Amino acid sequence: MPRFPAPVEHMLDHAEGVCTAHGGRLTAQRRAVLGLILQAEGPLGAYELLDALRRTQPGAAPPTVYRALDFLLAHGLIHKLERLSAYVGCVAGDHAEGGHAHAAQFLICRGCGRVTEIEDAAVTDALAAAARRTGFAVARATVEAEGLCADCNHGSG
């Protein structure tokens, strides 16, 4: 199994506690997939994860990665960015049983590919209020906004 830098190992230990508290088990395979996501500088697709995992586990197969991703999603440890079909670590420190304890919003830069997770209660409240007006009750929502980050936007004046 791969070893990760100390800050990532600390996050993995925390994730293990979250899993245990909710009756799950962060197996070595799941830990490796989560570690790869947490140490990445940007979102990773399933096949990028598989390629990285094969560096230390040559026999790793797609079902192994997808099962790990499903588990990590179910325990609120990662987010799936539908727009990119890629995964990022969950930066929220609080994980509720059965998933995320927060509504996430993502800012996706189409210039450099950077993804920033924000948690803006006003966005969450506005979506919930709009949904209520139609009689809809939002159970969970992820908002993905595409544009340019401050660094990429700086030059476009």
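Helices here are DSSP runs of H or I with at least four residues, numbered from the N terminus. With that in hand, the close-ups below walk through a predicted model.

**View 1. Q57 in the loop between two helices.** Q57 sits in the loop that links α3 (46-53) to α4 (62-74). Is this loop residue buried or exposed? Q57 counts as buried because its relative accessibility is 13%, and the cut-off for buried is under 20%.

**View 2. The surroundings of Q57.** Here we stay with Q57 and look at its partners. The side chains of Q57 and Q29 are joined by a polar contact of 2.8 Å. Setting aside neighbours within four places in sequence, the residues in contact with Q57 are M1, P2, Q29 and A32. Q29 thus appears both in that contact list and as the polar partner of Q57.

**View 3. A nonpolar patch on the surface.** Which residues make the nonpolar surface patch of about 370 Å²? The patch is formed by V123, L127, F136, V138 and V143. One of these, V123, belongs to helix α5, which covers residues 121-133. V123 is classed as partly exposed because its relative accessibility is 34%, a value judged against limits of under 20% for buried and over 50% for exposed.

**View 4. A6 in helix α1, with D70 for scale.** A6 is part of helix α1 (residues 6-21). With a relative accessible area of 60%, A6 is exposed. If you would like a distance to check in your viewer, try A6 to D70: their C-alpha atoms lie 25 Å apart in space, and the two residues are 64 residues apart in sequence.

Terms used:
Residues numbered from 1 in each chain as written. Predicted model: local features only at pLDDT ≥ 70, side-chain atom pairs only at ≥ 80, totals over all residues. Heavy atoms only, no water. Patch = residues over 30% accessible without salt bridge, like charges linked within 9 Å, V, L, I, M, F, W, Y side chains within 5 Å. Areas by Shrake-Rupley, 256 points an atom, 1.4 Å probe, with all protein chains shown as cover. Salt bridge = Lys/Arg side-chain N within 4 Å of Asp/Glu carboxyl O. Buried < 20%, exposed > 50% of the residue type's maximum accessible area, 1.4 Å probe, protein only. Polar contact = N/O pair within 3.5 Å; in protein donor to acceptor, adjacent residues only side chain to side chain. Contact = heavy atoms within 4.5 Å.
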